[in-house]
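Trainee: I would be grateful for a close look at one part of this model. Please concentrate on the packing of the helices and on the residues that take part in it.

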Amino acid sequence: VHALQLFREMVVGRVERNAITYRAAVSACEKEEQWVQVLHLFRVMADSRVETNIISYSAAANACDKHSACMQVLVLLGELGGGRV
């Protein structure tokens with residue numbers, strides 16, 4: 001995934017990651033059906049206090065749904081309902 005490689009190189013180049021770059025990486029991984037990577041990025045995004053929104057939750061949920069990771073979708077939906085967005 002070229003987008004994910006660029007995202008990783010941002011650290012090396014000391015370019016700040018923000019909500020837009022995280023969401024782009026999450027969306028790229030979703031399209032490539034890399035649901036484990038989507039969840040990892042999503043968690044890093046949340047841990048870094050980068051704003052999550054319905055778009056990022058939707059991309060993560062869609063990636064999990066494609067691979068029958070129903071429990072992960074339920075966890076994401078629980079967080080969404082709990083006001084962590």
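Mentor: The account below begins with the whole chain and then turns to the helix pairs and to single residues.

The model is predicted, so local features need pLDDT of at least 70 and side-chain atom pairs count only at pLDDT 80 or more, whereas totals for chains, interfaces and linings use all residues. Residues are numbered from 1 along each chain as its sequence is written, and side-chain values use heavy atoms, with hydrogens and water left out.

The protein chain contains 5 helices and 0 strands, where helices (H or I, at least four residues) and strands (E, at least two) are DSSP runs numbered from the N terminus. Read from the N terminus, the order of elements is α-α-α-α-α. Of the 85 residues, 36% are buried; buried means under 20% relative accessible area, exposed means over 50%, and partly exposed lies in between (1.4 Å probe, protein chains only). The accessible surface of the chain is about 5,300 Å², and carbon and sulfur atoms hold 55% of that surface. These areas come from the Shrake-Rupley method with a 1.4 Å probe, and for residues only the protein chains shown count as cover. Among contacts in the chain with a separation of 6 or more, 57% join residues 24 or more positions apart; contact means heavy atoms within 4.5 Å.

The pair H2 and H3 comes next. Two packed helices are described by the angle between their axes and the distance between the axes. Helix H2 (residues 19–31) and helix H3 (residues 35–47) have axes that come within 9 Å and cross at roughly 165°. Axes are lines fitted to C-alpha atoms, for helices over the stretch in contact, and angles run from 0 to 180 degrees between N-to-C directions. H2 and H3 are therefore roughly antiparallel to each other; the cut-offs are under 35 degrees for roughly parallel, over 145 for roughly antiparallel, 65 to 115 for roughly perpendicular, and oblique for the rest. The crossing of H2 past H3 is left-handed, a term used if the near helix is turned anticlockwise from the far one by less than a right angle, with right-handed used if clockwise.

On the H2 side, the residues that meet H3 are Tyr22, Arg23, Ala25, Val26, Cys29 and Glu30, and their partners in H3 are Gln37, Val38, Leu41, Phe42, Val44 and Met45. By class, this contact holds 9 nonpolar, 1 polar and 2 charged residues. Ala, Val, Leu, Ile, Met, Phe, Trp, Tyr, Cys and Pro count as nonpolar, Asp, Glu, Lys and Arg as charged, and the others, Gly among them, as polar.

Methionine 45, in helix H3, is buried, with a relative accessible area of 0%. Apart from neighbours within four places in sequence, methionine 45 is in contact with Tyr22, Arg23, Val50, Glu51, Thr52 and Ser56. Its C-alpha atom is separated by 7.8 Å from that of alanine 19, 26 residues away along the chain. Histidine 40 also lies in helix H3, but it is partly exposed at 44% relative accessibility. Between the C-alpha atoms of histidine 40 and valine 26 there are 9.2 Å.

H2 also packs with helix H1 (residues 2–12), at an angle of about 145° and with the axes 8 Å apart. H1 passes H2 in a left-handed crossing. Ala3, Leu4, Phe7 and Met10 of H1 touch Thr21, Tyr22, Ala25, Ala28 and Cys29 of H2, and these residues divide into 8 nonpolar, 1 polar and no charged.

One loop residue completes the picture. Arginine 49 lies between H3 and helix H4 (54–66) and counts as exposed at 78% relative accessibility. Most residues other than glycine have a negative phi. Arginine 49, although not a glycine, has a positive phi of about 65°.
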